[in-house]
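Me: I'd like a close look at one part of this protein, with a bit of context around it. Here it is.

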Amino acid sequence: MDLQNVRNIGIIAHIDAGKTTTTERFLYYTGRVHKIGEVHEGEATMDWMEQERERGITITSAATQCHWKTKQKDGSELDTTINIIDTPGHVDFTAEVERSLRVLDGGVVVFDGSQGVEPQSETVWRQADKYHVPRLAFINKMDKIGGNFYMSIDSIFDRLSKNAVAIQLPIGAEGDFSGIIDIIKQKAYTFEGKNGEIIKEIPIPEDMKNQVLEYRLTLMEKVAENSTDELMDAFLQNSALTDEQIVQGLRVATVSNRLYPVLCGSSLQNMGTQLVLDAVVAYLPSPLDLPPVKGKNPNNDQEEERKGENGEPMTALAFKVATDPFVGRLTFIRVYSGVLKSGSYVLNSRSGNKERIGRLVRLHANSRQEIEQIEAGDIGAVIGLKDTRTGDTICDDAKPIRLESITFAEPVIQLAVEPKTKADQEKMGIALQKLVEEDPTLRVRTDDETGQTILAGMGELHLDIIIDRMKREFKVEANVGKPQVAYRETIQKEIEHEEKYIKQSGGRGQYGHVVFTLRPLEPGKGYVFTNSVVSGRIPKEFITPCDRGFQEGMSRGILAGYPVVDVEVDLTDGSYHDVDSNEFAFKMCASIGFQAAARKADPVILEPIMKVEVVTPEQFFGDIMGDINARRGLILGTSERGTAKVIEANVPLSEMFGYATDMRSMTQGRASYSMEPSHYAKVPKHKAEEVIAERTGGK
């Protein structure tokens, strides 16, 4: 396999921009499927989970491989292998997007041509920035009422990047959208035949010729500025670039994340999707275009790199774990260097354990094809890995390396579930274990006081789907409590504290003694432990148990038992007993000491604040504003999008339950909203009292 002709791409976007419909067209035109499956008919190939088909949304990122042939200048055909990962757009499933972006080389960001940049488009764009993923923008739904290419590209300039550059223009808009102009070749096309498979060249409409020349000049300037010195010189000498120079320069600038080509079309009407595939091949990077992947050697923590070549030591990243009803545990992997062969043994550099590679498969949504090996730069899945989690590196045990893992947001909402019968209890345990392995943003714990199982996730829809999957896939019947907010606690004052833990009960006793300072940290810092003990006042082997004890003390807050965050513990002094001191005594001492110190450090309760964006027709603007204020919301700003008003606000999550229903009834179902976690903030006094009373039963 020639790596130069491989593309690993993801299709990312806001919910309802048409990602899955676009993917279905890709699969049809590349010959991967012979019938186009429509999302609105519940028949999309990539949305294979029952819940996805019912709700018309994508929940899990599905992986598939197809081949696209492009005509070369000499008339020959170039066959490119494209691995596509279709990601979800709903904010509750950001983990799926995050882990897909981590292993992609390029992305196609799809926008709804009538909406332009929507909140979740911003989120996925920022996630792609975080992983330096080169991308193309595809303004879809040009045929929709309100479809406006120029408004959409302006919103990309305003909200995402000034480096977006149009390489196509639409002919007409809304119901009159009839074709696409290629600015580089200065040619226009229409799409005919039952599924738009016949691409016909037509003359550029007279009234658009000047506009095409203007956009072409802008494109040449941008390419000259952002690619190579040679092209800059060529442009300055000739005040123009040839078609080949534009394509070559645009590829360099796109691969290095300096420009983002913008295309347009309508996937549903089968217009323009083949040209997006051409652009993927022309402008997005192959595994060879990217710098070598960097990681740390687990033995000495030195940074090492691996080139994307088959001859290098094998290095792969597990980016997803899924449970398949037929074959069990599937681990999706991206091989960065070397070749992964079935039957071989690999090292998991997180756990330090060796695992045997059972069967290797190539996936097409949920059907599988067995293969013997996965080469550098390719994506596939392994059946039978026992202890490999999302974000783990598997590598050649003679040349170990640990790639940067994948970080996920903390869950903000939780609910209690209990099995209906004794038989369901065991099934529920197994189901939850599998679901947690699959989904790194799902947390499960047991409430010490009530004995209930508590699920924590990213939003109401996220937990809804989890409960639904337990019922359907694992046949578990459960009673579900009301969703609750995942509060946190923190402190506001610096305190110095001394704690002694002494137990004498015949024979050996227990002795631990610590002196430490507890300090509040700025939000989002979590927990910091500093060891300032000098001259062996506490022996070295007891420092780690102290650290563990402080963390244990943080797991149950002072006011209402919620976890404590954003504190620094600075261990300054203490003493020990030659006989009675041990690890357990110091751990207990630190845990009890933390609780006692936190009580004196002015503890407060924190609540998750959500960034909410509501898009509403103007006549309901006042009602929506009043309602947000009544929910303790802080209005951050208002703007206009087309004829609609957009309100941005920070609102406590606890006030947002049931908001969708209230908003619909206020606006005759015409407004829409999206929300994502923003930060934690102090709960007002009256609300804190309610939270504490509810949690402690008024004790």
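How many bridges join strand β12 to β24, and which way do the two run?

Reply: Keep in mind that this is a predicted model. Two bridges join β12 (residues 293–296) to β24, and the strands run antiparallel. You can find the pairing by looking at Gly295, which sits opposite Leu403 of β24.

Zoom out a little and the pair turns out to belong to an open sheet of three strands, ordered β13-β12-β24, with antiparallel pairing. β13 (303–306) and β24 (402–403) are the edge strands with a single partner each, so each has one side without a neighbour in the sheet.

For context elsewhere in the chain, try the helices α6 (residues 209–226) and α8 (residues 243–255): their axes come within 9 Å and cross at roughly 55°. That angle makes α6 oblique to α8, and the crossing is left-handed. On the α6 side, the contact uses Arg216, Leu219, Met220, Val223 and Asn226, which meet Asp243, Gln245, Ile246, Gly249, Leu250 and Ala253 of α8. Sorted by type, the residues of this contact come out as six nonpolar, three polar and two charged.

As for how far to trust the picture, the protein averages a pLDDT of 83, with 89% of the residues scoring at least 70. Confidence is highest in strand β11 (residues 260–264), at 95, and lowest in helix α2 (residues 50–55), at a mean of 42. Around that helix, residues 37–61 stay under 50 in pLDDT, though the model still gives them 91 contacts beyond four places in sequence.

Technical notes. Residues are numbered from 1 along each chain as its sequence is written. This is a predicted model: local features need pLDDT of at least 70, side-chain atom pairs count only at pLDDT 80 or more; totals for chains, interfaces and linings use all residues. Side-chain values use heavy atoms; hydrogens and water are left out. Axes are lines fitted to C-alpha atoms, for helices over the stretch in contact, and angles run from 0 to 180 degrees between N-to-C directions. Helices (H or I, at least four residues) and strands (E, at least two) are DSSP runs, numbered from the N terminus. Angles under 35 degrees count as roughly parallel, over 145 as roughly antiparallel, 65 to 115 as roughly perpendicular and the rest as oblique. A crossing is left-handed if the near helix is turned anticlockwise from the far one by less than a right angle, and right-handed if clockwise. Contact means heavy atoms within 4.5 Å. Ala, Val, Leu, Ile, Met, Phe, Trp, Tyr, Cys and Pro count as nonpolar, Asp, Glu, Lys and Arg as charged, and the others, Gly among them, as polar. pLDDT is the predictor's confidence in each residue, from 0 to 100. Two strands pair if DSSP finds at least two bridges between them.
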